[in-house]
Amino acid sequence: GLRFQVADVVKPLIAVKRLAENGNRVSFGPNDEDCFIQSVWDGHKVMLKPNGRGSHLMEVEFKDGQKTEIAVDSGAEESVCPWDWGSQFQVKPAEKWMNFRNASGGLIDHWGEREVVVTSPF
């Protein structure tokens with residue numbers, strides 16, 4: 001499962017910091033084949049797809065077969081998702097309430113957290 005903070009954001013974003021804490025290496029290289037998430041336990045890689053605007057996406061699938069993408073962000077402190085993304089999983093009160101800010105410094109509402117299960121090798 002991947003833990004996301006449910007907030008007033010447009011798209012899901014996973015923090016490299018959180019991926020690394022869960023035993024993964026994240027690589028952003030000059031070539032497409034150099035961009036991946038790799039499990040330190042079994043060496044399995046999930047390739048990342050460039051979005052053409054400087055970001056990389058992890059393509060995943062929910063248990064119900066619905067495909068989705070998650071932006072992989074090396075500068076994010078927390079993984080976040082919008083209210084309607086992964087809505088088949090319950091929103092619970094956050095273990096720690098956070099004061100998220102947008103690029104302009106404005107507050108972003110934080111509504112709780114959601115544990116999302118996706119098809120992935122980890």
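In this predicted model, three strands line up as an open sheet in the order β3-β4-β5, with antiparallel pairing. The edges go to β3 (24-27) and β5 (45-47), each of which pairs on one side only. From one strand to the next, the twist averages 15°. The link between β3 and β4 is antiparallel and runs over four bridges, and one place to look for it is Ser27, which stands opposite Phe36 in β4.

Two polar residues of this sheet are worth a closer look. Starting with β3, Asn24 lies in this strand. Asn24 counts as buried because its relative accessibility is 8%, and the cut-off for buried is under 20%. A polar atom of the Asn24 side chain sits 3.0 Å from the backbone oxygen of Leu19, so the buried side chain of Asn24 comes with a polar partner.

Over in β4 (residues 36-39), the residue to pick out is Ser39. With a relative accessible area of 4%, Ser39 is buried too. What does the side chain of Ser39 reach at 3.2 Å on the backbone? That would be the backbone nitrogen of Trp41. The Ser39 side chain also makes a polar contact with the side chain of Asp42, again listed at 3.2 Å. Looking back along the chain, Ser39 and Gly23 are 16 residues apart, yet their C-alpha atoms are separated by 6.2 Å.

Next comes β7 (residues 56-62), a strand with several partners. Five of its seven residues are buried, so β7 is largely enclosed by the rest of the structure. Strand β6 (residues 49-50) pairs with β7 in the antiparallel sense over two bridges, and the bridge partner of Pro50 in β7 is His56. These two strands, β6 and β7, make a hairpin with five residues between them, and in the turn Gly52 has a positive phi of about 85°.

Another partner of β7 is strand β8 (residues 67-73), joined to it in the antiparallel sense over six bridges. Here Leu57 finds its bridge partner in Ala71 of β8. The β7 and β8 hairpin has four residues between the strands, and Gly65 in this hairpin takes a positive phi near 95°. From much further along the chain, strand β13 (residues 118-119) pairs with β7 as well, antiparallel and over two bridges. In that pairing, the bridge partner of Glu61 in β13 is Thr119. As a general point on reading such strands, side chains in a regular strand alternate between the two faces of the sheet.

Strand β12 has a similar story to tell about burial. Five of the seven residues of β12 are buried, so this strand is largely enclosed by the rest of the structure. Its pairing with β1 is antiparallel and covers six bridges, with Gln5 standing opposite Glu113 in β12.

That brings in the pockets, since β1 and β12 turn up there again. Rolling a probe the size of a water molecule over the atoms shows where empty space is left. The largest pocket has a volume of about 410 Å³. It is lined by 21 residues, and the closest to its centre are Gly1, Leu2, Arg3, Arg18 and Asn22. Which elements each supply at least two residues of that lining? They are β1 (2-7), α1 (16-21) and β12 (110-116). Sorted by class, the lining of the largest pocket has eight nonpolar, six polar and seven charged residues.

The second largest pocket holds about 350 Å³ of space. Of its 18 lining residues, Ala76, Glu78, Val80, Phe100 and Arg101 are the closest to the centre. Two or more residues of this lining come from each of α1 and β10 (100-101). Helix α1 thus appears in the lining of the largest pocket and in that of the second largest pocket. By class, the residues lining the second largest pocket divide into nine nonpolar, two polar and seven charged.

Methods
Residues numbered from 1 in each chain as written. Predicted model: local features only at pLDDT ≥ 70, side-chain atom pairs only at ≥ 80, totals over all residues. Heavy atoms only, no water. Buried < 20%, exposed > 50% of the residue type's maximum accessible area, 1.4 Å probe, protein only. Polar contact = N/O pair within 3.5 Å; in protein donor to acceptor, adjacent residues only side chain to side chain. Pairing = 2+ DSSP bridges. Axes fitted to C-alpha atoms, helices over the stretch in contact; angles between N-to-C directions. 1 Å grid on protein atoms, 1.4 Å probe; cavity = no way out; pocket = protein on both sides within 12 Å on 5 of 7 lines; lining within 4 Å. Points joined across faces, edges and corners; volume = space filled by probe spheres on them. Nonpolar A, V, L, I, M, F, W, Y, C, P; charged D, E, K, R; others polar.
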